[in-house]
Structures are given as structure tokens and as C-alpha cells.
Protein chains: 2
Amino acid sequence: MNYSKQREAMLKILCGTKTHPTANEIYLEMRKADPKISLGTVYRNLALLTETGTIMRIDTNHDSVHYDGCTDTHYHFICEKCGKVYDLRLEPLKLKAEVEAEIDCEVSDHMLIFYGKCSKCKSL
Amino acid sequence: MNYSKQREAMLKILCGTKTHPTANEIYLEMRKADPKISLGTVYRNLALLTETGTIMRIDTNHDSVHYDGCTDTHYHFICEKCGKVYDLRLEPLKLKAEVEAEIDCEVSDHMLIFYGKCSKCKSL
DNA sequence: AATAAATACAGTAATCGTTATTGATTTGAC
DNA sequence: GTCAAATCAATAACGATTACTGTATTTATT
């Protein structure tokens with residue numbers, strides 16, 4: 001993979017926020033510095049960085065895909081009202097061996113998401 | 001919600017299989033018995049039944065949304081090669097209180113998905 | 001049973017997130 | 001610097017899902 005300043009900028013944005021932006025939000029943010037950036041470029045580089053494990057893809061079940069610059073194993077809470085994605089500090093699960101034993105597979109990753117109402121939305 | 005034979009048939013299909021079909025697969029299956037069924041009807045009823053908690057929506061992160069007629073708490077393994085969804089018999093997690101304490105929220109549900117290669121695909 | 005209101009339907013058009021294509025530009029090895 | 005490979009911007013195409021419209025079915029009321 002060759003260097004590109006667009007990908008560099010994208011990674012900087014993703015690692016510098018905890019907001020778990022969507023492709024479009026990243027696009028809007030990148031346009032501030034580079035108004036000529038293309039949405040296609042955003043998608044292509046999100047796919048590339050996800051593939052190499054540099055960033056993490058979060059499929060929320062509720063709206064479009066979110067991305068996280070932090071790839072340490074951690075889990076998320078998603079508010080069903082406002083759609084915001086929150087980081088959790090739960091201990092990583094240790095179920096890989098159990099799953100592999102049960103259905104004879106090779107587990108490479110897992111994803112745990114909690115749904116409900118966040119602090120702000122539950123009091124409305 | 002009024003009765004409809006289309007929704008009845010859909011529920012029967014979903015509860016009678018462990019294949020976790022997509023909206024389109026359900027549509028194709030339903031057309032066998034009722035060639036006039038509309039894809040819009042399938043989507044509308046999937047949304048209705050998901051909302052009432054009668055069925056379960058599985059967002060695989062890899063292709064379009066799958067549905068499960070079994071709503072008992074259980075988890076899934078998804079093969080990154082062939083896309084097939086497998087049921088797991090893991091013990092339900094008990095992390096609701098912990099999550100609610102950590103970020104002051106109201107957890108109503110959670111979803112745990114393992115990714116990797118299934119038995120068939122790992123040996124290719 | 002007849003009627004009316006609410007709900008659901010089939011069929012189809014529109015929307016929206018994402019992917020693919022194109023020809024121009026940038027990067028990196030020589 | 002030269003050239004092939006990788007990346008880009010711009011835009012068209014795609015596929016899953018949603019919205020719309022006029023018709024049919026269901027349910028409640030008489």
C-alpha cells in the first residue's frame with residue numbers, strides 16, 4: 001500500500017476522536033481541510049484500513065456503518081434513540097476456544113454491542 | 001396490528017428454519033406458496049415483527065440483514081468466507097448492570113457475534 | 001349479514017449508502 | 001528524471017431498503 005496524504009488525514013481524524021464517525025461524517029470533516037476530497041476516496045480508504053486492521057468497523061444495526069480508530073478489543077453501547085455510539089471498558093471476553101470447540105471453526109474476531117437508551121435520552 | 005395471512009406465512013417460515021434468511025431469501029421462499037407476494041410486504045412485516053420482538057434482526061457486517069425466528073437470548077458465528085450464520089449455545093452474558101453502571105444508560109438488549117472461518121471454509 | 005374505519009396488500013418509484021468505473025495525478029523503485 | 005503501480009476526483013451504477021398509491025382484507029359496529 002502506497003502512501004497517500006488523504007489516507008493519512010483520514011487516519012488522523014479517526015484516531016483523534018471518540019465519536020465513531022460514519023463514512024459521511026468523515027467525508028464532511030475531511031472536506032474542511034481539503035474541499036476536493038471525494039466520497040469515493042473515503043470509502044476506498046475505509047475499506048483498506050479496515051482490511052489491514054488499522055481501524056475498526058462498527059455496524060450499529062440502526063443506521064449506516066460507523067468507524068473507530070481504536071482497535072484494542074473493546075465494546076460499544078448504542079443509543080436506540082439518538083444513535084450515538086459509546087465506548088465501554090468491559091473486560092474482553094475469552095470465548096474464542098469455546099466457540100471454536102462448539103462448531104469447529106476458526107474465530108478471528110468478535111463484536112459485542114449493547115442497545116438501549118443513553119443517559120440523555122432515557123430521561124426524556 | 002391486524003391479522004394477515006402473509007405475516008402468518010412469514011412467521012411460519014422464520015420459525016421453521018435455522019438458516020437465518022435475508023429479506024430476499026424470505027421473499028423467494030414465500031413466492032413458492034404465493035407468487036403474488038410483494039417484496040415491500042416482506043420488508044414491512046419484518047420491521048413490524050422486529051419491533052414487537054417476535055423475531056430477531058441480525059446485522060452481519062458482511063452482507064444484508066438476516067432474520068431469526070428464535071428470540072431466546074443466543075449468539076451467532078458468521079463465516080467471513082461464505083457468509084453463513086451459525087447459532088451458538090453459549091451461556092447468556094450477564095453484563096447489563098455493569099454497562100448501565102458504567103455509562104448511566106438503560107440497556108434493553110445486546111448482540112454478540114463471532115467472525116471467522118467456518119468448518120467448511122477453513123479447510124479450503 | 002351489512003357497513004364503515006383501520007390496516008394491509010401488490011406494484012412500483014424513489015432513496016440512500018456503498019461500490020465500480022474512468023481518465024488524470026501522485027508515489028516509489030530504478 | 002523515467003516509468004509502472006497505486007491513488008485520486010468525479011461520477012455513474014448498484015443493491016438493499018423505504019415510501020407511495022390505489023385496491024383488498026380485516027375488524028369493529030350496527
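These legends walk through several close-up views of a predicted model in which protein chains A and B meet DNA strands C and D.

**View 1. Chain A as a whole, before we zoom in.** Chain A is built from five helices and five strands. Following the sequence from its start, the elements come in the pattern α-α-α-β-β-β-β-α-β-α. Measured out along the principal axes, the C-alpha atoms fill a box of roughly 50 × 45 × 20 Å. Of the 124 residues in this chain, 43% are buried. If you look at contacts between residues at least 6 apart in sequence, 48% of them link residues at least 24 apart. The chain has an accessible surface of about 7,200 Å², and carbon and sulfur atoms contribute 51% of that area.

**View 2. Helix α1 of chain A and its two sides.** Which residues of this helix, spanning residues 5–15, are buried? They are Arg7(A), Met10(A) and Leu14(A). Looking down the axis of α1(A), you will find these buried residues within an arc of 60°, so they line one face of the helix. Turn to the other side of α1(A) and you meet Lys5(A), Lys12(A) and Cys15(A), which are exposed. The cover over the buried residues of α1(A) includes α2 (23–33), α3 and β2 of chain A.

**View 3. His74(A) and its surroundings.** His74(A) sits in the loop that runs between β2 (66–68) and β3 (75–79) of chain A. Is this histidine buried or exposed? With a relative accessible area of 12%, His74(A) is buried, because the cut-off for that label is under 20%. A polar atom of the His74(A) side chain lies 2.6 Å from the backbone oxygen of Asp72(A). The side chains of His74(A) and His76(A) also make a polar contact, at 3.1 Å. Beyond its neighbours within four places in sequence, His74(A) touches Met56(A), Asp68(A), Asp87(A) and Leu88(A).

**View 4. The protein surface around DNA strand C.** There are 18 residues around this strand, and those that come nearest are Tyr43(A), Ser4(B), Gln6(B), Thr41(B) and Arg44(B). Where do the strand's atoms within 4 Å of the protein belong? Sugar or phosphate accounts for 87% of them, and bases for the rest. Three side chains of chain B deserve a closer look here. Arg44(B) places a polar side-chain atom 2.3 Å from a phosphate oxygen of DNA strand C, and Ser4(B) does so at 2.7 Å. For Gln6(B), a polar side-chain atom lies 3.0 Å from a sugar or linking oxygen of the strand. The elements giving two or more residues to this surface are α3 (39–51) of chain A, along with α1 (5–15) and α3 (39–51) of chain B. With three residues, α3(B) gives the most. Sorted by class, the surface near DNA strand C holds six nonpolar, eight polar and four charged residues.

**View 5. The protein surface around DNA strand D.** Here 19 residues surround the strand, and Ser4(A), Gln6(A), Thr41(A), Arg44(A) and Tyr43(B) come nearest. Of the atoms of DNA strand D that come within 4 Å of the protein, 85% are sugar and phosphate. Thr41(A) has a polar side-chain atom 2.3 Å from a phosphate oxygen of DNA strand D. Backbone atoms take part in this view too: a backbone N or O atom of Lys36(A) lies 3.2 Å from a phosphate oxygen of the strand, and one of Tyr3(B) lies 3.1 Å from a phosphate oxygen. Two or more residues each come from α1 and α3 of chain A and from α3 of chain B. Which element gives the most? That is α3(A), with three residues. By class, the surface near DNA strand D has seven nonpolar, eight polar and four charged residues.

**View 6. Two loop residues of chain B with positive phi.** His20(B) is not a glycine, yet its phi is positive, at about 50°. You can find His20(B) in the loop between α1 and α2 (23–33) of chain B, where a relative accessibility of 2% makes it buried. Asp104(B), also a residue other than glycine, has a positive phi near 50°. Asp104(B) belongs to the loop between α4 (96–103) and β5 (106–117) of chain B, and at 38% relative accessibility it counts as partly exposed.

Methods. Residues numbered from 1 in each chain as written. Chains lettered and ligands numbered in written order. Predicted model: local features only at pLDDT ≥ 70, side-chain atom pairs only at ≥ 80, totals over all residues. Heavy atoms only, no water. Helix = DSSP H or I, 4+ residues; strand = E, 2+ residues; numbered from the N terminus. Buried < 20%, exposed > 50% of the residue type's maximum accessible area, 1.4 Å probe, protein only. Polar contact = N/O pair within 3.5 Å; in protein donor to acceptor, adjacent residues only side chain to side chain. Contact = heavy atoms within 4.5 Å. Near = heavy atom within 4 Å. Nonpolar A, V, L, I, M, F, W, Y, C, P; charged D, E, K, R; others polar. Areas by Shrake-Rupley, 256 points an atom, 1.4 Å probe, with all protein chains shown as cover. Arc of directions from axis to C-beta.
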